Amino acid sequence: MTMRTLSAETNPAEPVAWLRFILRELWVSWRFVGGDVSSAVVPPLLFIGAASSHHGLGAGEVLGALGRGLLYFWLFAYAFGLSNQLVGVEEDRVNKPHRPLVRGEVSLRGTRWRWVACMTLLTLVGWAFGVWEWALMWQLIIVVHNEVGGAKRWWAKNLLIALGVVTQLAAAWELVGPLTEVTWRWIGVLASVVFLLVSLQDLRDVEGDRASGRKTFPLVFGEKRTRYVLGTLFGLLPLIIHEVLMKPLGLTPAVVASDVGLAAVSWVIAARVMGWRTREADHRTYLLFTYWYCLALLSTIVVL
């Protein structure tokens, strides 16, 4: 789409054309972000809920915080998705052929311009909402992960994603109020969990990663060994969560219920990663991990 065409289609005198343009861009953003909503948008909104409860916000203030969070974290996810898919078109032809660039729904040039616009908006929105430092840190992570090629080495990829969790959750809490020592403990533990266990997502993408030259954990250490490592870590995860996060809060009914729910999901993931070994099963197992992450943050609403 040329600038002349875009200008003609979005003439301010033609509100229908403007509406059509806006609706198309919203649809395009969904095509890039939809698969990451359960890991990049829902969790920080849940953490905003926890911060709102912790600081005693009223209903109107909570809605305002969630509205700011939805805008910020949609841009947060969209900026990453645009960049990630721009540099991964060939890999996506094997691993994720449903993505918009592979299907030809958008052009590379148009996607690059959208990325520049999204990064700019993320900076401005982060500054307006008082979380500009986390926005800039996240943008640096995006550039290193995608544009510089940090994602090609498993340890760098895992570390960058874990740091992304820090920028995500710290920004979510600070959209409501100042960070506390307990909040930092939760952020640190969850970021560490992601660093150790996010290689689960690579089990479903082995062929595409091999074709693109990535050195993911399963490709470096072997699929069988990866499954044993991840299965063991997911099996031990409930003990760590209990001792480091839940036990210090006191064994109230809310804490016990959260503890048990997280343990159950962890052990289901451990069983699946060992016993269900197809690409489709690995995809569902990874989705369960994103649900575990959401459940952990949902529990903060009642335990923090």
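Me: Why is Arg214 counted as buried?
Reply: Arg214 has a relative accessibility of 13%. The word buried applies under 20%, so at 13% Arg214 counts as buried. The model is a predicted one.

Me: What makes Glu91 buried?
Reply: The relative accessible area of Glu91 is 9%. The limit for buried is under 20%, and therefore Glu91 is buried.

Me: Why is the pair of Arg214 and Glu91 called a salt bridge?
Reply: The closest N and O atoms of Arg214 and Glu91 are 3.3 Å apart. The rule asks for a side-chain nitrogen of Lys or Arg within 4 Å of a carboxyl oxygen of Asp or Glu, so Arg214 and Glu91 form a salt bridge. The two residues are 123 residues apart, Arg214 in the loop between helix 11 (206-212) and helix 12 (217-221) and Glu91 in helix 5, and the pair links distant parts of the chain.

Me: What makes Arg93 and Glu90 a salt bridge?
Reply: Their side chains meet at 3.2 Å, N to O. The cut-off is within 4 Å, so the contact between Arg93 and Glu90 is a salt bridge. Both residues lie in helix 5 (residues 89-95), three residues apart, which is about one turn of the helix.

Me: Why does Glu90 count as exposed, and what class does Arg93 fall into?
Reply: Glu90 has a relative accessible area of 56%. Exposed means over 50%, so Glu90 is exposed. Arg93 has a relative accessible area of 45%. Partly exposed lies between the limits of 20% and 50%, so Arg93 is partly exposed.

Me: How do you know that Lys157 and Asp202 form a salt bridge, and what parts does the pair tie together?
Reply: The side chains of Lys157 and Asp202 meet at 2.6 Å, N to O. A salt bridge needs these atoms within 4 Å, so the pair meets the rule. Lys157 lies in helix 9 (residues 154-174) and Asp202 in the loop between helix 10 (181-197) and helix 11, so the pair ties together parts that are 45 residues apart in sequence. Lys157 is buried, and Asp202 is buried too.

Me: How many salt bridges does the rule give, and which residues are linked in a network?
Reply: The count comes to 13 salt bridges. Arg31, Arg103 and Glu105 are linked in a network of salt bridges.

Me: Why is Leu219 called partly exposed?
Reply: Leu219, in helix 12, has a relative accessibility of 26%. Buried is under 20% and exposed is over 50%, so Leu219 falls in between and counts as partly exposed. Leaving aside neighbours within four places in sequence, Leu219 is in contact with Val206, Asp209, Arg210 and Arg214.

Me: What class does Phe195 fall into, and which residues are in contact with Phe195?
Reply: Phe195 lies in helix 10. Its relative accessibility is 29%, and the class between 20% and 50% is partly exposed, so Phe195 counts as partly exposed. Neighbours within four places in sequence aside, Phe195 is in contact with Trp155, Asn158, Leu159 and Ala162.

Me: What makes Ser258 and Ala263 buried?
Reply: Ser258 has a relative accessibility of 11%, and Ala263 has a relative accessible area of 8%. Buried means under 20%, so both Ser258 and Ala263 are buried. Ser258 is placed in helix 14 (residues 253-275), and Ala263 lies in helix 14. Beyond four places in sequence, Ser258 is in contact with Met246, Ser299, Val302 and Val303. The C-alpha atoms of Ala263 and Leu237 are separated by 7.6 Å, with their positions 26 residues apart along the chain.

Me: How many helices and strands does the protein chain have, and why is the protein chain called as compact as a globular protein of its length?
Reply: The protein chain has 15 helices and zero strands. Its radius of gyration is 20 Å, close to the 19 Å that the globule rule gives for 304 residues, so the protein chain is as compact as a globular protein of that length. Buried residues make up 47% of the 304 residues.

Note on methods. Residues are numbered from 1 along each chain as its sequence is written. This is a predicted model: local features need pLDDT of at least 70, side-chain atom pairs count only at pLDDT 80 or more; totals for chains, interfaces and linings use all residues. Side-chain values use heavy atoms; hydrogens and water are left out. Helices (H or I, at least four residues) and strands (E, at least two) are DSSP runs, numbered from the N terminus. Buried means under 20% relative accessible area, exposed over 50%, partly exposed in between (1.4 Å probe, protein chains only). The radius of gyration is taken over C-alpha atoms; the globule rule is 2.2 Å times the number of residues to the power 0.38. Contact means heavy atoms within 4.5 Å.
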